[in-house]
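Biologist: I am new to this structure and would like to go through it slowly. Could we take it one question at a time?

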Amino acid sequence: MFFEPKNGHGLPHNPVAACVAPRPIGWISTLSKDGIGNLAPFSYFNLVHNFPPTVAFACNGLKADGKPKDSWVNAKETGEFVYNVATYELREKVNLSSTSWSADINEMHEVGLTPEPSRIVKPHRVAESPIHFECKTIDILHLPTEREENPSTVVFGQVVGVHIAEDCLTGGLVDYDKVQHLTRLGYLDFATIGERFAMPRPYHKTEQD
Ligand SMILES: Cc1cc2nc3c(=O)[nH]c(=O)nc-3n(C[C@H](O)[C@H](O)[C@H](O)COP(=O)(O)O)c2cc1C
């Protein structure tokens, strides 16, 4: 099949997200300018640069009350956020933390997670999550949108601190089986990392790879 998104897809459900799968889930914690903690999952998320490590997440649409999503507002106003890895074990809490609560509600408390202080930035980390990146906001892009009620704001953050739980390392490598990354597919589907294989590069590998 072929379709131009502006003309609709003609399928029972939009297939676009399922065509880019799996997507990592950035479980983003921020702090409002008034000091209220916030936590929400974003599957429009990825590592976009390596030196320095840089991540991006996209806030699409608005909150239930019609206001902009707290995560990008906080990341803009305070200049900081934390990426917490979403794991299979924490999947229910990841899902629950996407509830559109008002800005004065701290999702970490609401869903029964433990806030742990970061070393460099002010937003707390999710103690139960085994990997955290402390990030400084470096850019914010407002993407063109077809519908006013569905804005898209992409937040870029430079990673200034990396925490990896010791028990998720095997022989100095991050052990996927121990972390159990939770990833997003299309529709209502999620996945963990299954079969893996390594492939040597067809050219001399550099530090950039
Ligand atoms: C697994 C998962 C992934 C999500 N990914 C996104 C995303 O990439 N972008 C987005 O705007 N909302 C996404 N959402 C919905 C947000 O988490 C939700 O709108 C949340 O309330 C935003 O919180 P905030 O207002 O505190 O930023 C996702 C929800 C779930 C459960």
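Modeller: Let us begin with a term: a residue is called buried when its relative accessible area is under 20% and exposed when it is over 50%. Please keep in mind that this is a predicted model.

Biologist: Is cysteine 59 buried or exposed?

Modeller: The cut-off for a buried residue is under 20% relative accessible area. Because the value for cysteine 59 is 2%, this residue is buried.

Biologist: And cysteine 19, is that residue buried or exposed?

Modeller: A residue has to be over 50% to count as exposed. Cysteine 19 has a relative accessibility of 64%, and therefore it is exposed.

Biologist: How many disulfides does the count come to?

Modeller: A disulfide requires two cysteine sulfur atoms within 2.5 Å of each other. By this rule, the count is 0 disulfides. Cysteine 59, for instance, is in no disulfide, since the nearest cysteine sulfur, which belongs to cysteine 135, is away by 14 Å.

Biologist: What radius of gyration does the chain have, and how does that fit a compact globule?

Modeller: The C-alpha trace spans about 50 × 50 × 30 Å along its principal axes. For 209 residues, a compact globule would have a radius of gyration near 17 Å, so the chain agrees with that expectation at 18 Å.

Biologist: What share of the contacts with a separation of 6 or more joins residues 24 or more positions apart?

Modeller: The chain in which these contacts are counted holds 5 helices and 14 strands. Of its contacts with a separation of 6 or more, the share between residues 24 or more positions apart is 58%.

Key. Residues are numbered from 1 along each chain as its sequence is written. This is a predicted model: local features need pLDDT of at least 70, side-chain atom pairs count only at pLDDT 80 or more; totals for chains, interfaces and linings use all residues. Side-chain values use heavy atoms; hydrogens and water are left out. Buried means under 20% relative accessible area, exposed over 50%, partly exposed in between (1.4 Å probe, protein chains only). Helices (H or I, at least four residues) and strands (E, at least two) are DSSP runs, numbered from the N terminus. The radius of gyration is taken over C-alpha atoms; the globule rule is 2.2 Å times the number of residues to the power 0.38. Contact means heavy atoms within 4.5 Å.
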